[in-house]
Amino acid sequence: RVLACLFCITVPVLAFAQPLVYVASHTSSAGSPLTVQLTVINTATGNVVKTLELGAWAGTPDWNPAVVAAPNGSRAYVGDLVVSADGSKLYVAGRTASGDGEITVVDTATLQPTGAPIAAPEPARQLALTVDGTRLFVLAANSVLVVDTTSRAIINSLATRPSPVRVIVHPSGSRLYVANSTLTTTSPDGNSITAYDAATLAEIKTTVFPDARVFAGFTLTASAIGTPSILPEGSRLYVPLIAAGFRTSPTAFFRFEVVHVVDATTLEVLSSVTPIRTTPTVSSGI
C-alpha cells in the first residue's frame, strides 16, 4: 500500500500557556521529493517560534497537509487525517498501489494501524468525524462517502456541487457542510458552502460568496475557498477566500484574502473580515 504520511509531534506542556498556532506546509525544489514542515507561530507577537522539518511526503498532495491536535493538547498530528473526540483513534487517508482509496485506523497510544483499512473507490480529499465517532465522512472528487466506523463499511453517499474541497460535520452531528471552490461568483455553483442533513443527506441550502477583491467598482476573479472551520458550539462557520498576492493592510489596493463569518443554521453571511499583514508578502492562503 501507498499511505499518506503521518507525523506525530509531542507538544511541550509550556506551550499551552502561549497563544500558539501550528501551520503545516510542503516545500519542494526541482528534482527533489516534497518535504513537510510545521511552523509554530506565537499569535501575540506574530513571530515564528520554531519550524520543524518533518521529512518526505509520500505521493503528491492536492494541498498542504492538515494539522489536528489531540483533545488533551499533548500532541499534534500532521497529514490527511482526523482524530476521534476521545483522542484514541486517528483515521488516516491514503491510497493503494492501484490508485484506490483507503483509510487506515491508527491507535494513538501505539501509533500502529488496527484492523483492516477502510476501502474507498477513490482517494479521499479530506475526512470528517462525528463527535460520537460512529460516522466518518470521506470527501471524494465529487461526492461524500458515509462510513460506519464500527463495521468499517461505506453505508451511503451524496453527490456534491462542483469542485468540493472541504467537508465539516456540525458538533451536534446533525449537519454536514461542504465547501465548493469553483473560482467563480456565479450562482448556483460559484465559490460556496452547502449544508446537508446528516441523516438524510438532503441538501438544505447553498450560499455563494462574492469575490472580496474590489477596488473602485472593479472586481478581480479567481479566488479560491480555503480551509473553513466551525465554532465548537456550532453557531458560526468561518470560510476564507484566498489567492496569492501582495497586501500590507485592509486599505491596500489588492485585497486578495477575506474570511466570511457565516451563521451555521441559516448560512447567512454575517460579516466579512480582511486579515491584516504586518509586512508585504506573497501569500498562498489562510
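## Exercises around strand β19

Let's start with Thr194, which sits in strand β19; strands here are DSSP runs of E with at least two residues, and helices are runs of H or I with at least four, numbered from the N terminus. The model is predicted, so local features need pLDDT of at least 70 and side-chain atom pairs count only at pLDDT 80 or more, while totals for chains, interfaces and linings use all residues. Residue numbers run from 1 along each chain as its sequence is written, and side-chain values use heavy atoms, with hydrogens and water left out.

**Exercise 1.** Work out whether Thr194 is buried or exposed, and what it touches.

*Solution.* Step one: the relative accessibility of Thr194 is 0%, so it counts as buried (under 20% relative accessible area; exposed is over 50%, partly exposed in between, with a 1.4 Å probe and protein chains only). Step two: look at contacts, meaning heavy atoms within 4.5 Å. Leaving out neighbours within four places in sequence, the partners of Thr194 include Arg161, Tyr177, Glu203, Lys205 and Leu267. Step three: the side chains of Thr194 and Asn180 make a polar contact of 3.1 Å (a pair of N or O atoms within 3.5 Å; within protein, one must be able to donate a hydrogen and the other to accept it, and residues adjacent in sequence count only if both atoms are side-chain atoms). Step four: zoom out to the strand. β19 is largely enclosed by the rest of the structure, because five of its six residues are buried.

**Exercise 2.** Find the strands that pair with β19.

*Solution.* Strands pair if DSSP finds at least two bridges between them. First, β18 runs antiparallel to β19, joined by six bridges, and Arg175 faces Asp197 in β19. Next, β20 (residues 203–208) is also antiparallel to β19, over five bridges. Thr194 has Thr206 as its bridge partner in β20. Finally, check the hairpin of β19 and β20: five residues lie between the strands, and Leu201 has a positive phi near 65°.

**Exercise 3.** Identify the strands that supply the largest nonpolar core.

*Solution.* A nonpolar core is a set of buried Ala, Val, Leu, Ile, Met, Phe, Trp, Tyr and Cys residues joined through side-chain atoms within 4.5 Å. The largest one has 15 residues, and those with the most contacts inside it include Tyr177, Ile193 and Val239. β17, β18, β19, β25 and β26 each supply at least two residues, and β25 gives the most, with three. Val239 touches Ile193, Phe209 and Ile225, among others. A second, separate core has 14 residues, including Val82 and Ile103.

**Exercise 4.** Lay out the open sheet that contains β7.

*Solution.* The order is β2-β7-β6, with antiparallel pairing. β2 and β6 are the edge strands, each pairing on one side only. Now for β6 and β7: four bridges join them, with Ala66 opposite Gly79 and Val67 partnered by Val78. They form a hairpin with five residues between the strands, and Gly73 in the turn has a positive phi of about 80°.

**Exercise 5.** Decide where to read the model with caution.

*Solution.* Start with pLDDT, the predictor's confidence in each residue, from 0 to 100. The chain mean is 82, and 78% of residues reach 70 or more. Residues 244–253 stay under 50, with 30 contacts beyond four places in sequence. Residues 278–285 are also below 50. Where pLDDT is low, the predicted coordinates shouldn't be read in detail.
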